[in-house]
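Hi,

Here is the structure I promised to pass on. Have a look at it first, and then read my notes below.

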Amino acid sequence: MNKVKTVLISGAGIAGPTLAHWLTRYGIAATIVERAPELRATGQTIDIKEVGIDVIRKMGIEKDIIKRTTDEKGIKFVNTQNQVRAAFPTGALGLVAEIEIVRGELASIFYKDNLKRNVEFIFDDYITGLDNQPSHVQVQFNKAPPRKFDLVVGADGVSSRTRRLMFDDKPIPVLLQGNKAIYTSYFSIPYEKQDGDWSRYCNALGGRSALIRPDIETSHTS
């Protein structure tokens, strides 16, 4: 294969735009295709610590990220009466990192960084076919016309369509099946004074649990 000059990345979440940043630094043209019609603003918080801090610092976006953190002070484990049973401040045991940021905020920062680096984004589309040739990969899209790339990277989840195309429809292990399935709902509620600036986790009966934490929007709790 010749020197890589063009790369297609499937997925405009966190991993895809991060890769695109570093590719463009080395003179490689990056294109990101995203199934959603626009950048996804949903998701829970993401911890950034240790080597992750080194990465965002080298990317030149550390200050932008710190401005948009949740600024939570730690996490408290409470019972159903909201009585604290254990409390771990930021940094203790790695439960709450010094940099906690909502996924949508982080994705937005990466997206703006990518635009400055002339990364091409294709929204509301996805890969439907991959033909791996000795010199390139011929890519078929659901909507856009076919294109050639030197390399294709899947950054859109462990059970994505892209991965199935790459690995010849070989079954991908399902992590959770049957009665072991986990159902999760994320939402924001109006902030009240008693919510404070600590996260609180309650493990209730019947396999249920609830977690509330500060939101970047001071009028909400997530």
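What follows is a walk through the overall make-up, the two sheets, one helix and the charged pairs.

First, a caution: this is a predicted model, so please read everything below in that light.

**The chain as a whole**

The protein chain has 222 residues, and 35% of them count as buried. Its secondary structure comes to five helices and 15 strands. If you look at contacts between residues at least 6 apart in sequence, 60% join residues at least 24 apart. The chain exposes about 13900 Å², with carbon and sulfur atoms supplying 53% of that area.

**The parallel sheet and helix 1**

One open sheet has four strands in the order 7-2-1-11, and the pairing is parallel. Strand 7 (120-123) and strand 11 (151-154) are the edge strands; each has a single partner strand, so one side of each has no neighbour in the sheet. From one strand to the next, the twist averages 20°.

Within this sheet, strand 1 (residues 6-10) pairs with strand 2 (residues 29-34) in the parallel sense, over five bridges. If you want a place to start looking, find Thr6, which stands opposite Ala29 in strand 2. Helix 1 (residues 15-25) packs on the sheet and touches strand 1, strand 2 and strand 11. The direction of helix 1 makes about 165° with that of strand 2.

Which residues of helix 1 are buried? They are Gly16, Pro17, Thr18, Ala20, His21, Leu23 and Thr24. These buried residues pack against strand 1 and strand 2, and also against helix 2 (51-59) and helix 4 (103-116). Just after helix 1 comes Gly27, with a positive phi of about 75°.

**The mixed sheet**

Another open sheet of four strands runs in the order 5-4-13-14, this time with mixed pairing. Its edges are strand 5 (84-89) and strand 14 (209-212); with a single partner strand each, they have one side left without a neighbour in the sheet. Here the twist averages 15° from one strand to the next.

Strand 4 (residues 74-78) and strand 5 run antiparallel and are joined by five bridges. To find the pairing on screen, go to Gly74, whose bridge partner in strand 5 is Pro89.

**Thr45, Arg213 and Glu100**

This is the spot I would like you to look at with me. Arg213 forms a salt bridge with Glu100, and the closest N and O atoms are 3.5 Å apart. That pair links distant parts of the chain: Arg213 lies in the loop between strand 14 and strand 15 (220-221), Glu100 lies in strand 6 (residues 99-102), and the two are 113 residues apart.

Are these two charged residues buried or exposed? Arg213 has a relative accessible area of 11%, so it is buried. Glu100, at 2% relative accessibility, also counts as buried.

Thr45 belongs to the same neighbourhood, touching both Arg213 and Glu100. Thr45 sits in strand 3 (residues 45-48), and its side chain makes a polar contact of 2.6 Å with the side chain of Arg213. Leaving out residues up to four places away in sequence, Thr45 also touches Thr70, Ile101, Val102 and Arg103. With 16% relative accessibility, which is under the 20% cut-off, Thr45 counts as buried too.

**Other salt bridges**

As a general point, side chains of opposite charge can pair when their charged atoms come close. How many salt bridges turn up in the whole structure? The search finds ten. Here are some to pull up:

- Arg200 and Asp195 meet through their side chains, at 3.5 Å from N to O, and both residues are buried.
- Asp71 pairs with Lys73, the closest N and O atoms being 3.7 Å apart; Lys73 is partly exposed, with a relative accessible area of 36%.
- Asp54, Arg57 and Glu62 are linked in a network of salt bridges.

If you open just one view, I would go for Arg213, with its salt bridge to Glu100 and its polar contact to Thr45.

Cheers

Methods:
Residues numbered from 1 in each chain as written. Predicted model: local features only at pLDDT ≥ 70, side-chain atom pairs only at ≥ 80, totals over all residues. Heavy atoms only, no water. Pairing = 2+ DSSP bridges. Axes fitted to C-alpha atoms, helices over the stretch in contact; angles between N-to-C directions. Buried < 20%, exposed > 50% of the residue type's maximum accessible area, 1.4 Å probe, protein only. Polar contact = N/O pair within 3.5 Å; in protein donor to acceptor, adjacent residues only side chain to side chain. Contact = heavy atoms within 4.5 Å. Salt bridge = Lys/Arg side-chain N within 4 Å of Asp/Glu carboxyl O. Areas by Shrake-Rupley, 256 points an atom, 1.4 Å probe, with all protein chains shown as cover.
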